[in-house]
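I opened this notebook page to record what I looked up in one structure, going from helix to helix and then to the side chains.

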Amino acid sequence: MTEAVQTALGDLYRAFGDVRCPNRIEISPVKNEADYLPLVRVPLRELSADQLWSYTYSVFYTVGGTEDFFYLLPRILELASVPFSPFDNEIVFKKVALSGWPGEWQGDCRLAFESYLQAVVAAWQEVVLDMNSWVCGLSFCLPDLPSHLDSLLSGNASATSNLIRFYEANSESLLKQRLGNSFWEMSEGPYRAVLQWLQREDVNRHIQNAYLESGFND
């Protein structure tokens with residue numbers, strides 16, 4: 001996690017600080033209420049990934065709603081941003097979209113989340129990440145995703161590593177004109193835009209040069 005991401009997460013905690021901890025979280029009869037009691041009893045910043053994992057997958061479907069999601073979101077994003085996070089970014093950011101992002105978000109919360117997204121994209125220049133997960137996840141929240149992917153063409157060592165890893169995660173599927181992440185919503189514009197980006201001549205030239213010049217073979 002870069003310093004900029006850490007700063008953005010701090011801003012998220014402050015922006016959502018007025019959202020009160022709910023007395024209880026509504027759940028479907030198919031769920032066990034005891035599994036979700038820690039979410040309203042444990043201090044927010046002390047909640048673990050294990051305690052939040054099931055909630056993150058189920059929220060808006062069989063558990064909870066917007067109010068408790070906004071209360072828990074800063075901690076979810078903090079845990080999702082660490083290396084080797086157990087969360088699927090595709091799920092986390094799809095739930096952000098389901099909460100009404102961007103049209104229904106207002107004020108400091110919207111500004112803080114926009115800053116967080118900018119910090120995450122900037123981190124592609126500094127930290128080697130699971131780009132296949134991050135790109136698909138951010139597709140639910142970032143407009144014009146290919147323009148952000150262009151940062152991977154900077155020639156910076158971390159950016160080049162992220163470019164290669166993203167390409168390799170999709171290389172076999174690209175032969176079938178597809179992307180290799182099963183979380184993509186194939187009928188949506190971001191899917192087509194990212195597929196086209198990976199097929200761009202200049203992107204493929206950067207990938208070829210990375211292999212030739214850097215001997216990248218991880």
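The entries below follow the order in which I looked things up.

**Entry 1: helix 5**

I kept in mind throughout that I was reading a predicted model. I began with helix 5, which spans residues 89–98, and noted that this helix is mostly covered, with seven of its ten residues buried. The buried residues I listed there are Asn89, Glu90, Ile91, Val92, Phe93, Lys95 and Val96, and I noted that charged residues are on that list, namely Glu90 and Lys95. When I asked which helices these buried residues pack against, I found helix 3 (49–58), helix 4 (66–80), helix 6 and helix 7. Just past the end of helix 5, I noted that glycine 100 has a positive phi of about 115 degrees.

**Entry 2: helix 3**

I then turned to helix 3, where the buried residues are Ala49, Leu52, Tyr55, Thr56 and Ser58. These residues pack against helix 2 (38–41), helix 4 and helix 5, so I met the contact between helix 3 and helix 5 here from the other side, having already seen the buried residues of helix 5 pack against helix 3. Just after helix 3, I found another positive phi, of about 80 degrees, at phenylalanine 60.

**Entry 3: helix 7 against helix 9**

Two packed helices are described by the angle between their axes and the distance between the axes, and I looked up both values for the next pair. The axes of helix 7 (residues 131–138) and helix 9 (residues 157–174) come within 8 Å and cross at roughly 85 degrees. Because angles of 65 to 115 degrees count as roughly perpendicular, I entered helix 7 and helix 9 as roughly perpendicular to each other. On the helix 7 side I listed Met131, Asn132 and Val135, which meet Asn162, Phe166, Ala169 and Asn170 of helix 9. Sorted by class, this contact has four nonpolar residues, three polar residues and no charged residues.

**Entry 4: serine 139 and isoleucine 207**

In the loop between helix 7 and helix 8 (145–149), I looked up serine 139. Is serine 139 buried or exposed? Serine 139 counts as buried because its relative accessibility is 11%, under the 20% cut-off. Leaving aside neighbours within four places in sequence, I found serine 139 in contact with Leu145, Trp184 and Pro190.

Isoleucine 207, which I looked up next, is found in helix 11 (residues 201–214) and is also buried, at 5% relative accessibility. With neighbours within four places in sequence again set aside, isoleucine 207 is in contact with Leu163, Ile164 and Tyr167. I also looked up how far isoleucine 207 is from leucine 44, and found the two 163 residues apart in sequence and 42 Å apart in space, C-alpha to C-alpha.

**Entry 5: cysteines**

How many disulfides are there? The count comes to zero. Cysteine 109 is in no disulfide, and the nearest cysteine sulfur, that of cysteine 141, is 14 Å away. Cysteine 136 is likewise in no disulfide, with the sulfur of cysteine 141 again the nearest, at 11 Å. These distances are why I entered no pair, as a disulfide needs two cysteine sulfur atoms within 2.5 Å. I also noted that cysteine 136 is buried, at 0% relative accessibility.

**Entry 6: salt bridges**

The salt bridges come to nine by count, and I looked up three of them.

- The side chains of glutamate 33 and arginine 24 form a salt bridge at 3.1 Å, N to O; glutamate 33 is partly exposed at 34% relative accessibility, and arginine 24 is partly exposed at 41%.
- Glutamate 114 and arginine 110 form a salt bridge at 3.3 Å, N to O, and both lie in helix 6 (residues 107–123), four residues apart, about one turn of the helix. Glutamate 114 is partly exposed at 26%, as is arginine 110 at 28%.
- Aspartate 202 and arginine 200 form a salt bridge at 2.7 Å, N to O, with aspartate 202 partly exposed at 24% and arginine 200 partly exposed at 28%.

I closed this entry with the network that shared partners make, in which salt bridges join Arg24, Glu26 and Glu33.

Methods:
Residues numbered from 1 in each chain as written. Predicted model: local features only at pLDDT ≥ 70, side-chain atom pairs only at ≥ 80, totals over all residues. Heavy atoms only, no water. Buried < 20%, exposed > 50% of the residue type's maximum accessible area, 1.4 Å probe, protein only. Helix = DSSP H or I, 4+ residues; strand = E, 2+ residues; numbered from the N terminus. Contact = heavy atoms within 4.5 Å. Axes fitted to C-alpha atoms, helices over the stretch in contact; angles between N-to-C directions. Parallel < 35°, antiparallel > 145°, perpendicular 65-115°, else oblique. Salt bridge = Lys/Arg side-chain N within 4 Å of Asp/Glu carboxyl O.
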